[in-house]
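Biologist: Could you pull up the model so we can go through it together? I've got a few questions about what's inside and how the pieces pack.

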Amino acid sequence: MSTTLQFKYDVKDISLATQGKQRIEWAGREMPVLRQIQDRFATEKPLAGIRISACCHVTTETAHLAIALKNGGADAVLIASNPLSTQDDVAASLVADYGIPVFALKGEDNATYHRHVETALDHRPNIIIDDGSDVVATLVQTRKDQLSDIIGTTEETTTGIVRLRAMFKDGVLSFPAMNVNDADTKHFFDNRYGTGQSTLDGIIRATNVLLAGKTIVVAGYGWCGKGTAMRARGMGANVIVTEIDPIRAIEAVMDGFRVMPMAEAAPQGDLFVTVTGNKHVIRREHFEAMKDGAMVCNSGHFDIEIDLKSLGEMASEVKQVRNFTQQYMLGSGKSVIVLGEGRLVNLAAAEGHPSAVMDMSFANQALACEYLVKNKGSLEPGLHSIPEAVDKEIARLKLVAMGIEVDSLTAEQEIYINSWTVGT
């Protein structure tokens, strides 16, 4: 704990701060939208006096969100949303260079993670920025006395949104929640292009395998699955998609992918990527059917998409063969390779999404916090969409930063498009 700074923190090595600051500044080169929000927040202070607890992947991109919150006047703390996603040098720099309390260590065990969740709630937040809704779930289950402090929460993952809907259905979500995940400037870009690129980046860093010619099985064809499948095909892989939703399945077929159940895909795949957000998508019977040396990884949310408990029970030996790469030797003589301990491979073995897409995602997070504060007391409990005007303004700022212009409607077109009396 700190002896020179006037707040507590829990990071791996504070001496890594110099390296972290350089990397934070590098990421900022491609985050012009959030930079404009940081500048405005520094002048207007829309979050003054607001306590914010943020549970996010502690990366160079998240650092810029944390800086925006502080510029806006917030009293913010940051914890890790995933045990393997923390970049320790970034955590150190946020503490030493930006004065933001961080509680995050790469590789932290479950006990440490849960302790940090409690730390985030000890901050008595008015707003929770969540990634998977663990902090909110803990709050409503064990900290009911703090519910009166809460203005609202923001959530940027599909998994978290599903959990929030379940909480609201069960009558325990008593405050507004901003659905950042479904903003167009989030899921169209972050989920698709960010997950697609960073997932393959993590796989290649962990294994250095050639993807061209491999059969890659993508479990789930939501926006993250679409991006992963698209990028895998672009690298020359033969892609199989598994799905439970008939609409997404037919979409995958129309996009040119083979679609089949996991039981049929298991013997064919060289590499499996889960992006569903659900539990045990790859199970014992699938491991038994896989080729010798098949690789499995997850780019969904929690580390439960791959049934590692069953795989461990099937294994006669488990050994580390590369960084973030474990080989499970099965009793049959075959092996199954697990990447990133079944956690998010793009963050465990690589650096997560490129900063250019996170620029828009975190712009949504920052503006969602501002929206909650401005509308305190007037928003009903439950999920709320990011206002369309905010979504479009983020897209406009991104285009301006990219030097791209778009058309605008003429007066005649405005009348035509908004009228039912003007015929064809």
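Biologist: Let's start inside: which element gives the most to the lining of the largest cavity?

Modeller: Bear in mind that this is a predicted model. The lining is made up of Ala54, Cys56, Thr62, Leu65, Ala66, Leu69, Ala76, Val77, Leu78 and Ile100. The elements giving two or more residues to it are β1 (51-56), α3 (60-71) and β2 (75-80). With four residues, the top contributor is α3.

Biologist: And how much space lies in that largest cavity?

Modeller: The structure holds one cavity of 30 Å³ or more. Its lining has nine nonpolar residues, one polar and no charged ones. The space in this cavity comes to about 50 Å³.

Biologist: β1 and β2 turned up there, so to speak, as neighbours in the lining. Which residue of β2 is the bridge partner of Arg51?

Modeller: These two strands belong to an open sheet of seven, ordered β3-β2-β1-β4-β5-β6-β15, with parallel pairing. β1 and β2 pair in the parallel sense over six bridges. In β2, the bridge partner of Arg51 is Asp75.

Biologist: Which helix packs on that sheet, touching β1, β2, β3 and β4?

Modeller: The sheet's edge strands are β3 (102-103) and β15 (382-385), each pairing on one side only. The helix you want touches β3 along with β1, β2 and β4 (127-130), and its direction makes about 165° with that of β2. That's residues 110-122, helix α5.

Biologist: Now the other sheet, the one with eight strands. Which are its edge strands?

Modeller: It's an open sheet with mixed pairing, in the order β9-β8-β7-β10-β11-β14-β13-β12. An edge strand pairs on one side only, and that picks out β9 (258-259) and β12 (315-322).

Biologist: Which residue of β14 is the bridge partner of Val296?

Modeller: Strand β11 covers residues 294-298 and β14 covers 335-339. They pair in the parallel sense over three bridges. The partner of Val296 in β14 is Val338.

Biologist: What angle does helix α9 make with β7?

Modeller: α9 (residues 223-234) packs on this eight-stranded sheet. It touches β7 (215-219), β8 (238-242) and β10 (271-274). Its direction and that of β7 make about 170°.

Biologist: Over to the second largest pocket: which element supplies the largest share of its lining?

Modeller: This pocket has a volume of about 310 Å³. Of its 16 lining residues, Trp26, Glu61, Glu351, Pro354 and Ser355 lie nearest the centre. α1, α3 and α8 (184-207) each supply at least two residues. The largest share, four residues, comes from α8.

Biologist: How many charged residues are in that pocket's lining?

Modeller: Sorted by class, the lining has three nonpolar and six polar residues. The charged count is seven.

Biologist: Last one: are α1 and α4 roughly parallel or roughly perpendicular to each other?

Modeller: The axes of α1 (residues 17-28) and α4 (residues 88-96) come within 7 Å and cross at roughly 95°. The contact is made by Ala17, Gln19, Gly20, Lys21, Arg23 and Ile24 of α1 with Asp89, Val90, Ala92, Ser93 and Ala96 of α4. By class, that's five nonpolar, three polar and three charged residues. Angles from 65 to 115 degrees count as roughly perpendicular, so these two helices are roughly perpendicular.

Definitions and conventions
Residues numbered from 1 in each chain as written. Predicted model: local features only at pLDDT ≥ 70, side-chain atom pairs only at ≥ 80, totals over all residues. Heavy atoms only, no water. Axes fitted to C-alpha atoms, helices over the stretch in contact; angles between N-to-C directions. Parallel < 35°, antiparallel > 145°, perpendicular 65-115°, else oblique. Contact = heavy atoms within 4.5 Å. Nonpolar A, V, L, I, M, F, W, Y, C, P; charged D, E, K, R; others polar. 1 Å grid on protein atoms, 1.4 Å probe; cavity = no way out; pocket = protein on both sides within 12 Å on 5 of 7 lines; lining within 4 Å. Points joined across faces, edges and corners; volume = space filled by probe spheres on them. Pairing = 2+ DSSP bridges.
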